[in-house]
Structures are given as structure tokens and as C-alpha cells.
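Subject: A structure for you to explore

Hi,

Here is the structure I promised to pass on to you. Have a look around it first, and then read my notes below.

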Amino acid sequence: MARVTPRPAAGPGVVAVVAFDGVQLLDVTGPAEVFTTANMFGAGYDVRIVSPDGADVTTSSGLRIGVDAGPPDLPARLHTLVVPGRSDWRRAVTNRPLIALVDELLKRSRRVTSVCAGAFVLAETGALDGRRAATHWRLAAQLATAYPRVRVETDPVFVRDGDVVTSAGVTAGIDLALSLVEDDHGAAVARDVARELVVFMARPGGQSQFSARLAPRTARHPVVRRVMDAVGADPAAPHSLESLAVAVGVSARHLSRLFRAETGTTTGQYVESVRLEAAQVLLESGDDPVDTVARASGFGSSETMRRVFQHALGIAPTAYRARFRTTTPHGVA
């Protein structure tokens, strides 16, 4: 299968954005809008929407996208290839005309990128073998399982590995495209584009802040299930390994072995995960001060909760509340 190798930059700066039936609309239009907006500030990108047969496509939202070209209509060398995805990635990777198109364009491209589930399409061609890559947080485990030679990273909004850049879900394609504009034309142009589109120059935090927590919620062994039920029922209780072991009538050592075998994690890590979820719910749904939320969710102090939020989500509790509580700006009735 094709492997990407660095090539000299294409003269006109042709950016080929792949489109196909069922593609996520914003995966296509987000990067295209960034590149074309950069042209307002002297970038000179030539953005072409390309499909396997050169025909228009119907996106996941039902909107049709006009296609500029099929593969024969593109120049021999491309500056950048953008591969979007669709949420049902299995249908994308079994779309042989699509895979053949991407495989061909890989060989003609100086730089290769994917947006969201487009990473699965790149992986199917072999272009991500041995490389670090990102995709939508909900699909990361599936990418790692389906393509074990890909080194999947779950938190970054986008990941660079040589001349291949892959992004997280949907709107992260805008972040990716802005970074490419900065690579090509400098931070000032990228900043102008970000201001024009009213988006962050660099998104604060990674995609972990958006993801559902993936702590295990089921276990086969009754002892482990009882421990998980006890922690879930009262996250703020003092759930040490020793106290949990006493509660279920086994030794701490035995519980530690059982819990790791069943869940792949420790009791301490599980307790922290449950407390984090409890704190997220309280921050999203209530007005209690951060100190109160920290005590109610079992962290004890706001400083301990802040450290856990920063480590797990990349943002502080106050920032989390501001981003996920409401769409209404602070202070606006």
C-alpha cells in the first residue's frame, strides 16, 4: 500500500479535498473555508473538491456538494490532500473507488491530512502504518483495534507525524487547517484567518474535555460489581482500597488483583474517574461554588479537583463549567 514521502511543494498550492457520498459536511467545508479565507491575506491556495468519479456528492446532512474534478482533472503534483470521513467509517473503508482515489492521490501529494473519521480511510491505504494519529474521541478505540499498526492518540486536537497530519472530530479540521496555513504562510496570516472566521487560533485544551468518560461500568465478578456499585452510590465516601476490601469481605491484595483483572485499572483510578464524572455533572447542572462541588464529589478540596481536571481533561473546573454549562455568554440574560 502507499506510503507518504515528502515531495517538493506544488507550484500553485493545489489543495485537494476528497468528497464522497455520506461524507461529514463540516469535514469538507471547514478546512476548505480556512484555506479559501487565507487567500484573502495572500495565501494563494487553489482548493479543489474531488470525488472518485468527478460527480457531485450528497453529504451526511443531506446537502449536496458540487465537485470540481475527478482524479484526471488534478495536476500531477498536489500541495495538500485533505481526507474527510463519515461517522459510519466501515462503509467508507469498504468503498473501493474511494480507497483507490485516496491511494492514488497520496502518491501525488506533498502533505496528507485527515479530518475526524478520515483517519480510517488513510489507515486503510496503509498511510498511517507506524505513525501517530488522531481521530474523533468516540472512534479512537475503534481505530486502534481495526488498524493495530496505527499509534492512536486520544487527546490531541490534531497530530503531526512527518508529512501526515490527522485531526480529531469534525470542527477540529478547522484547527488543523489553521495550523497548516501557519506552516505555509506564518502565524500572522493564520491569526488573520482565525479572526476572520471568529475561531480560536489554538483551541484551549485537548479533546478529552469533550469526551464521555470511558471508565468500566460492568464486571463479571460479583465482588468487583459490589465495589463499583458502592463507589457509584456515594463518590464522596472515603473509598480506600482497604475500606472497599473490608466492605466486600476480601483482602486488599485479593481485591486489587480482582479489580485489575476485571477492569484493567486500579480501584483508586476507578474512584477518581467516578468522582470526576460526578464533579462534571455538578458543574454543568448547578451553581454551587467550586469548593462545594469538590467536597460533594469526593475530592475534598478545590485544589485536588483542579489537579485531576487538568490531568484528565486539560482544563480547570471553572473553565469546564464556563464551556459546558450553557450557550449563553456569561452575564447575558
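Let's begin in a loop: valine 198 sits between H7 and H8. Please keep in mind throughout that this is a predicted model. Valine 198 has a positive phi of about 55°, although it is not a glycine. Is valine 198 buried or exposed? With a relative accessibility of 74%, valine 198 counts as exposed.

Now turn to cysteine 116, which belongs to the loop between E6 and H4. Its phi is near 55°, again a positive value in a residue other than glycine. Cysteine 116 has a relative accessible area of 7%, so it is buried, the cut-off for that being under 20%.

**The strands around E10**

Next, find strand E10, residues 164-167. Both of its faces are covered: Val164 and Thr166 point to one side, Val165 and Ser167 to the other, and all of them are buried. Which strands pair with E10? Strand E6 (residues 109-114) does so in the parallel sense, over three bridges. In that pairing, threonine 113 stands opposite valine 165. Strand E9 (residues 158-161) runs antiparallel to E10, and four bridges join the two. Here phenylalanine 158 has serine 167 as its bridge partner. The hairpin of E9 and E10 has two residues between the strands, and glycine 162 takes a positive phi near 65° there.

**Helix H6 and serine 179**

Helix H6 covers residues 172-185. From its first C-alpha to its last, this helix of 14 residues reaches 20 Å, close to the 20 Å expected at 1.5 Å a residue. How many of the residues in H6 are buried? Ten of the 14 are, which leaves the helix mostly covered. Among them are Ile174, Leu176, Ala177 and Leu180. The buried residues of H6 pack against helix H1 (25-38), strand E5 (78-83), E6, E9, E10 and helix H7 (187-197). After the helix comes glycine 186, with a positive phi near 95°.

One residue of H6 deserves a stop of its own: serine 179. Its relative accessibility is 7%, so serine 179 counts as buried. The side chain of serine 179 makes a polar contact with the side chain of arginine 160, at 3.2 Å. That side chain also reaches the backbone oxygen of leucine 176 at 2.6 Å. If you leave aside neighbours within four places in sequence, serine 179 is in contact with Phe158 and Arg160. You can also check the spacing to valine 165: the two C-alpha atoms are separated by 9.9 Å, and the residues are 14 apart along the chain.

**Aromatic rings**

The structure holds five aromatic pairs. One of them brings together tryptophan 89 and phenylalanine 120; their ring centres are 4.3 Å apart and their planes lie at 15°, so the pair is stacked. Planes under 30 degrees apart count as stacked. The pair links distant parts of the chain, with tryptophan 89 in helix H2 (residues 89-93), phenylalanine 120 in helix H4 (residues 118-125), and 31 residues from one to the other. Both tryptophan 89 and phenylalanine 120 are buried. Ring pairs also bring in Tyr147, giving a cluster of Trp89, Phe120 and Tyr147.

**The nonpolar cores**

In soluble globular proteins, nonpolar side chains tend to be buried together. Which residues touch the most other members of the largest nonpolar core here? That core has 64 residues, and the answer is Val18 and Phe35. Not counting residues up to four places away in sequence, phenylalanine 35 touches Val15, Tyr45, Val47, Val82, Ala177, Leu180 and Val181. There is also a second, separate core of 15 residues, which includes Val231, Leu244, Leu255 and Val271.

**Helix H11**

Val271 takes us to helix H11, where it is one of the buried residues. H11 spans residues 267-285; its 19 residues reach 27 Å from first C-alpha to last, close to the 27 Å expected. Its buried residues also include Tyr270, Arg275, Leu276 and Leu283. They pack against several helices, including H8 (222-233), H9 (241-248), H10 (252-263) and H12 (290-296).

Enjoy exploring, and write back with any questions!

Best wishes

Technical notes. Residues are numbered from 1 along each chain as its sequence is written. This is a predicted model: local features need pLDDT of at least 70, side-chain atom pairs count only at pLDDT 80 or more; totals for chains, interfaces and linings use all residues. Side-chain values use heavy atoms; hydrogens and water are left out. Rings of Phe, Tyr and Trp (its six-membered ring) pair if their centres lie within 6.5 Å; planes under 30 degrees apart count as stacked, over 60 as edge-to-face and the rest as tilted. Buried means under 20% relative accessible area, exposed over 50%, partly exposed in between (1.4 Å probe, protein chains only). Two strands pair if DSSP finds at least two bridges between them. A polar contact is a pair of N or O atoms within 3.5 Å; within protein, one must be able to donate a hydrogen and the other to accept it, and residues adjacent in sequence count only if both atoms are side-chain atoms. Contact means heavy atoms within 4.5 Å. The expected span of a helix is 1.5 Å times one less than its number of residues. A nonpolar core is a set of buried Ala, Val, Leu, Ile, Met, Phe, Trp, Tyr and Cys residues joined through side-chain atoms within 4.5 Å.
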